[in-house]
Amino acid sequence: MSLSMSAVDLNPRGAAGGLHVAAGHGVTKWFSGDVYTMRLQAAQTGGSIGIVEASVPPGGGPVPHTHAEQEETFYLLSGELEFLDGERTFTAVTGDIVHIPRMVRHRFKNVGMHTTRLLFIYTPGGAEGLFVEGGDEPRPGVQVDNWGPERFDERMLGLFHKYGVQAV
């Protein structure tokens, strides 16, 4: 289920100056076996940042890819992930931060036994729109669906192109 954005002050850079997103609010989507909640979107921040809160079950994570227009920083809230950074792989654990510059091939994979929680921080914002437009509506009480290759059809590849993401 998508959570309402009404709990978010949608006045980006307005007279009040600040932006408050209450705990538990944002747009939640299922994407390729993971659960993503867009806590801040580029449209709310004048394009400066996008923040995604993610839950990644064991075995979950995206294919190797690059971002043409965003740098991506990951902060692990709990769990562990194996990261690919260019040609190098390493394991990041709770409390670690991983920063990936634009156009660097990367991916993460949950190689642990428990769901990993993390934040993706896009600078500038924008790439989070891929999840909003391409993700599935979550169904409470149901396990998130893994996607097969058939989900990466012309529509999804078009969204990858729109958001500057290239699977490599």
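These legends describe an overview and several close-up views of a predicted model.

**Figure 1. Overall fold of the chain.** The predicted chain holds two helices and eleven strands. In sequence order, the pattern is β-β-β-β-β-β-β-β-β-β-α-α-β. The radius of gyration is 15 Å, close to the 15 Å from the globule rule for 168 residues, so the chain is as compact as a globular protein of that length. The C-alpha trace spans about 45 × 35 × 35 Å along its principal axes.

**Figure 2. Burial, contacts, surface and charge across the chain.** Of the 168 residues, 43% are buried. Among contacts with a separation of 6 or more, 66% join residues 24 or more positions apart. The exposed area of the chain is about 8300 Å². Carbon and sulfur atoms supply 56% of that area. The chain carries 13 positive and 19 negative charges. The mean positions of the two sets are 1 Å apart.

**Figure 3. T116 and its surroundings in strand β10.** T116 belongs to strand β10, which covers residues 116-123. Its relative accessibility is 0%, under the 20% cut-off, so T116 counts as buried. A polar contact of 3.3 Å links the side chain of T116 to the side chain of N110. N110 also appears in the contact list of T116, which leaves aside neighbours within four places in sequence. That list further includes A54, S55 and V56. L76, S78, G79, E80 and L81 complete it.

**Figure 4. The cis peptide bond at P124.** The bond from T123 to P124 is cis, with omega near -15°. Most peptide bonds are trans. P124 sits in the loop between β10 and α1 (129-134). At 32% relative accessibility, P124 is partly exposed. Neighbours within four places in sequence aside, P124 contacts G47, S48 and I49, among others. E69, Q70 and R102 are also in contact with P124. R155 lies 31 residues from P124 along the chain. The C-alpha atoms of P124 and R155 are separated by 24 Å.

**Figure 5. S32 and M103, two loop residues with positive phi.** Most residues other than glycine have a negative phi. S32 has a positive phi, near 55°. S32 is located in the loop between β1 (27-31) and β2 (34-40). For M103, phi is also positive, near 70°. The loop that holds M103 runs between β8 (97-100) and β9 (106-109).

**Figure 6. G134 and its contacts in helix α1.** G134 is part of helix α1. Is G134 buried or exposed? With 2% relative accessibility, G134 counts as buried. Setting aside residues up to four places away in sequence, G134 touches F31 and W147. R151, R155, M156 and L159 are also touched by G134. V104 is 30 residues from G134 in sequence. From C-alpha to C-alpha, G134 and V104 are 23 Å apart in space.

Technical notes:
Residues numbered from 1 in each chain as written. Predicted model: local features only at pLDDT ≥ 70, side-chain atom pairs only at ≥ 80, totals over all residues. Heavy atoms only, no water. Helix = DSSP H or I, 4+ residues; strand = E, 2+ residues; numbered from the N terminus. Rg over C-alpha atoms; globule rule 2.2 N^0.38 Å. Buried < 20%, exposed > 50% of the residue type's maximum accessible area, 1.4 Å probe, protein only. Contact = heavy atoms within 4.5 Å. Areas by Shrake-Rupley, 256 points an atom, 1.4 Å probe, with all protein chains shown as cover. Lys, Arg positive; Asp, Glu negative; His and termini not counted. Charge placed at Lys NZ, Arg CZ, Asp CG, Glu CD. Polar contact = N/O pair within 3.5 Å; in protein donor to acceptor, adjacent residues only side chain to side chain.
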